[in-house]
Amino acid sequence: MGWFSVCKVNYVKQDSPFSAQADDKRIGVYLVDGEYFAMEDICPHANALLSQGFVDGATIECPLHGALFDIRTGQCLREPGDRDLTIYPVRINGDQIEVSLGEGS
């Protein structure tokens with residue numbers, strides 16, 4: 001599918017992720033310990049935007065029902081998340097964060 005520019009690097013802060021639209025997918029972009037990560041932004045339990053949730057280190061908690069996910073791997077750490085989330089490769093191109101929607105990791 002290729003790479004999509006989703007935002008500028010200064011739009012993403014350690015405790016303030018960015019929600020982006022790339023093709024037909026909602027993507028949450030996160031900064032954890034100086035590294036950018038991207039994963040699907042819709043909680044599989046209740047269609048909430050995870051990027052509006054609560055960041056604690058390398059985890060994001062769904063703002064609706066408290067499902068917890070590892071930002072780096074997409075792993076569901078606490079129900080009612082229902083499943084792990086798809087993560088996407090990230091690269092920096094100048095001041096832009098780009099996400100590949102090809103094969104998720």
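User: Where is K13 found?
Analyst: K13 is in the loop between β1 (3–8) and β2 (18–22). Keep in mind that this is a predicted model.

User: Is K13 buried, exposed or partly exposed?
Analyst: K13 counts as partly exposed, because its relative accessibility is 43%. The buried class would need under 20%, and the exposed class over 50%.

User: What does the side chain of K13 reach?
Analyst: It reaches the backbone oxygen of N10, at 3.0 Å.

User: And how far apart are K13 and L64?
Analyst: In sequence, K13 and L64 are 51 residues apart. In space the C-alpha to C-alpha distance is 22 Å.

User: Switching to the whole chain. How many helices and strands are there?
Analyst: The chain has zero helices and eleven strands. Read along the sequence, the pattern is β-β-β-β-β-β-β-β-β-β-β.

User: How compact is the chain?
Analyst: It is as compact as a globular protein of that length, because its radius of gyration is 12 Å and the globule rule gives 13 Å for 105 residues. The C-alpha trace spans about 35 × 25 × 20 Å along its principal axes.

User: What share of the residues count as buried?
Analyst: Of the 105 residues, 41% count as buried.

User: What about contacts between residues 24 or more positions apart? What share do they account for?
Analyst: They make up 38% of the contacts in the chain with a separation of 6 or more.

User: Which residues does the UniProt domain annotation cover?
Analyst: The UniProt record, an unreviewed entry, carries "domain: Rieske" over residues 3–99. In the model, that span is 0% helix and 48% strand. The C-alpha atoms at its two ends lie 5 Å apart.

User: OK, on to E40. Where does E40 sit?
Analyst: E40 is in strand β4, residues 35–40.

User: Buried or exposed?
Analyst: E40 is buried, because its relative accessible area is 13% and the cut-off for buried is under 20%.

User: What polar contact does the E40 side chain make with another side chain?
Analyst: One with the side chain of R83, at 2.9 Å. The E40 side chain also reaches a backbone atom, the nitrogen of T86, at 2.7 Å.

User: Which residues is E40 in contact with, leaving aside neighbours within four places in sequence?
Analyst: R26, G28, L50, R83, L85, T86 and Y88. R83 and T86 are in that list, and they are also the polar partners just mentioned.

User: Stay with β4. How many bridges join β3 to β4?
Analyst: Six bridges join β3 (residues 25–32) to β4, and the two run antiparallel. In this pairing, V29 has A38 of β4 as its bridge partner.

User: How many residues lie between β3 and β4 in the hairpin?
Analyst: Two residues lie between them. D33 in the turn has a positive phi, about 50°.

User: And what stands opposite A38 in β9?
Analyst: Y88 does. Two bridges join β4 to β9 (residues 87–88), again antiparallel. A38 is thus listed with V29 and with Y88.

User: Now the sheets. What is the order of the open sheet of four strands?
Analyst: The order is β5-β6-β7-β8, with antiparallel pairing. The edge strands are β5 (54–56) and β8 (76–78), each pairing on one side only. Neighbouring strands are turned by 30° against each other on average, direction ignored.

User: How many bridges join β6 to β7?
Analyst: Three bridges join β6 (residues 59–61) to β7 (residues 68–70). I60 has F69 of β7 as its bridge partner.

User: Which three strands form an open sheet?
Analyst: β1, β11 and β10, in the order β1-β11-β10, with antiparallel pairing. The edge strands are β1 and β10 (90–93), each pairing on one side only. The twist averages 35° from one strand to the next.

User: How many bridges join β10 to β11?
Analyst: Four bridges join β10 to β11 (residues 96–100), which run antiparallel. There, I92 has I97 of β11 as its bridge partner.

User: Last one. How do side chains alternate in a regular strand?
Analyst: They alternate between the two faces of the sheet.

Conventions. Residues numbered from 1 in each chain as written. Predicted model: local features only at pLDDT ≥ 70, side-chain atom pairs only at ≥ 80, totals over all residues. Heavy atoms only, no water. Buried < 20%, exposed > 50% of the residue type's maximum accessible area, 1.4 Å probe, protein only. Polar contact = N/O pair within 3.5 Å; in protein donor to acceptor, adjacent residues only side chain to side chain. Contact = heavy atoms within 4.5 Å. Pairing = 2+ DSSP bridges. Axes fitted to C-alpha atoms, helices over the stretch in contact; angles between N-to-C directions. UniProt positions renumbered as here; feature names shortened; annotations may be inferred. Rg over C-alpha atoms; globule rule 2.2 N^0.38 Å.
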